[in-house]
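User: Hello! I am new to this structure and would like a friendly walk through it. Could we look at it together?

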Amino acid sequence: YYEQYKQDKSFSGMGLPNQTVEGVTYTSTDLIRRKNMDNGFYTGHFNLNYHSSKLTLQTGGMYTYYDGDHFATLRWVEHTDNLAADHEWVRNNGKKTDANVFTKVSYNPLAGLSTYLDLQYRYVRHALSGIDDDDMLDMTQSRTWQFFNPKVGVFYDFFANNAVFASVGLAHREPTRADLKDAFKQGSTSDIRPERLTDFELGYTFDNQMVMTGLNLYYMRYKDQLVPTGKLNEVGYKLMGNIEKSYRAGVELQAGYRPLDRLSLEANATFSRNKALDYTAWYETYDNSNDWGDAPQLSQYFKEASLPFSPEAMGAFRVIWKPIDALSFTFTKKWVSRQYITNTQNSDLMLPAYTAANASLVYGFDMKGLAKASLGLYVDNLASRSYSSNAWGYEAHFANGDPTYVEKGLYPVAPRHYLVKFVLQL
């Protein structure tokens with residue numbers, strides 16, 4: 001649970017009657033509220049395996065059930081006549097059933113050649129009931145989905161540490177409880193849908209223990225991709241929405257070099273295009289910027305539009321040095337290009353590019369032969385740079401042509417900060 005102090009909270013907004021104290025009727029009050037969760041999660045699974053010199057077969061299944069109560073109580077109310085201590089003013093429940101069966105087959109017909117097939121059937125059911133605690137709406141609903149997720153691939157180690165691979169797969173992702181609840185409250189966007197992804201990949205690797213290189217080309221085609229809209233709900237959760245047609249395509253590069261047994265240099269980079277196709281952005285629209293009266297929504301069509309929170313370039317460089325077997329030092333520098341934070345293509349609502357450096361020093365040792373342990377010092381944002389790695393945005397348009405109203409919130413990363421971690425392995 002967590003507790004909040006709220007000022008001038010209306011009784012009607014909590015589904016409660018106004019309170020009369022010593023002849024004075026109060027329609028609102030200061031209060032302390034507690035929002036509680038009481039969750040249960042149950043799971044079971046089974047696997048059957050078969051191995052031979054050329055064939056590996058695995059089949060199995062998994063069942064999970066989640067049952068979660070969300071309820072709110074009043075810890076203290078300034079103006080109250082008949083509200084009992086810890087009065088429960090709202091309760092709702094979410095249940096999720098997730099079951100799947102799968103079969104994985106790996107076959108090696110020739111030396112260096114490996115093929116695989118992965119088949120999965122998945123059943124998902126979300127059931128929500130009760131009253132939402134933010135606006136007192138009845139959010140009772142249930143959704144059921146059935147997904148078939150196949151994947152096939154091939155890997156060929158063809159000559160002197162050179163290998164190529166290719167794969168194609170189909171995957172699905174369902175909306176979360178928060179997505180269903182928030183979409184239901186939005187009204188016109190209540191029909192939130194699961195996304196479908198078809199992923200094509202083609203790659204090459206070389207690794208001779210001293211030099212490693214890798215190249216991976218990918219094309220990810222989506223139907224109804226679930227993406228952040230850039231807005232937040234009442235508790236700061238990112239609001240999600242479907243984009244009917246979209247894709248992500250790019251190249252992933254990686255390289256490594258070990259000039260000494262105790263020194264490794266590693267680097268990776270990704271360059272990509274992340275676009276929505278035939279996309280229409282709808283803007284919150286008011287009549288003018290003085291009184292913000294209701295007006296018909298404005299929209300804009302994009303043949304291609306950049307997806308939010310999808311930088312087109314990012315990379316990292318890492319140095320790992322082990323002066324002795326038990327001691328390891330790591331330095332990492334990463335870079336992320338600028339990115340939109342909403343799906344409206346507004347250049348004022350972008351997260352600037354940023355770089356960051358982190359370092360760590362980890363020492364591993366045995367504890368009297370009974371356990372292994374490690375003690376590590378981690379230093380993040382080494383140079384104390386001022387940057388943000390996340391953000392939210394909002395914009396409103398006006399039918400009379402007044403300038404667009406924009407709000408932008410940034411989540412700044414802390415300046416240089418430290419973490420000490422002790423790990424014990426029994």
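**Salt bridges and cores**

Analyst: Happy to start with D86, which is partly exposed, its relative accessible area being 38%; partly exposed sits between buried, under 20% relative accessible area, and exposed, over 50% (1.4 Å probe, protein chains only). This is a predicted model, where local features need pLDDT of at least 70, side-chain atom pairs count only at pLDDT 80 or more, and totals for chains, interfaces and linings use all residues. Residues are numbered from 1 along each chain as its sequence is written, and side-chain values use heavy atoms, with hydrogens and water left out.

User: How far apart are the closest N and O atoms in the salt bridge of R75 with D86?

Analyst: A salt bridge here is a side-chain nitrogen of Lys or Arg within 4 Å of a carboxyl oxygen of Asp or Glu. R75 lies in strand β5 and D86 in the loop between β5 and β6, so this pair ties together parts eleven residues apart in sequence. Strands are DSSP runs of E with at least two residues, helices are runs of H or I with at least four, and both are numbered from the N terminus. The closest N and O atoms of R75 and D86 are separated by 2.9 Å.

User: Which residues are linked with R75 and D86 in a network of salt bridges?

Analyst: Side chains of opposite charge can pair when their charged atoms come close. Besides R75 and D86, the network of salt bridges takes in E3 and R34.

User: Is E174, which forms a salt bridge with R122, buried or exposed?

Analyst: The pair links distant parts of the chain, with R122 in strand β7 and E174 in the loop between β9 and α1, 52 residues apart. R122 has 12% relative accessibility and counts as buried. At 10% relative accessibility, E174 counts as buried.

User: Which strand supplies the largest share of the largest nonpolar core?

Analyst: A nonpolar core is a set of buried Ala, Val, Leu, Ile, Met, Phe, Trp, Tyr and Cys residues joined through side-chain atoms within 4.5 Å. The largest one has ten residues, among them F11, L74 and W89. β5 (55-77) and β6 (87-110) each give at least two residues to this core. The largest share, three residues, comes from β5.

User: Which residues does D157 touch, not counting those up to four places away in sequence?

Analyst: D157 is part of strand β8 (residues 141-159), and its 39% relative accessibility makes it partly exposed. With contact meaning heavy atoms within 4.5 Å, D157 touches G112, N162 and A163.
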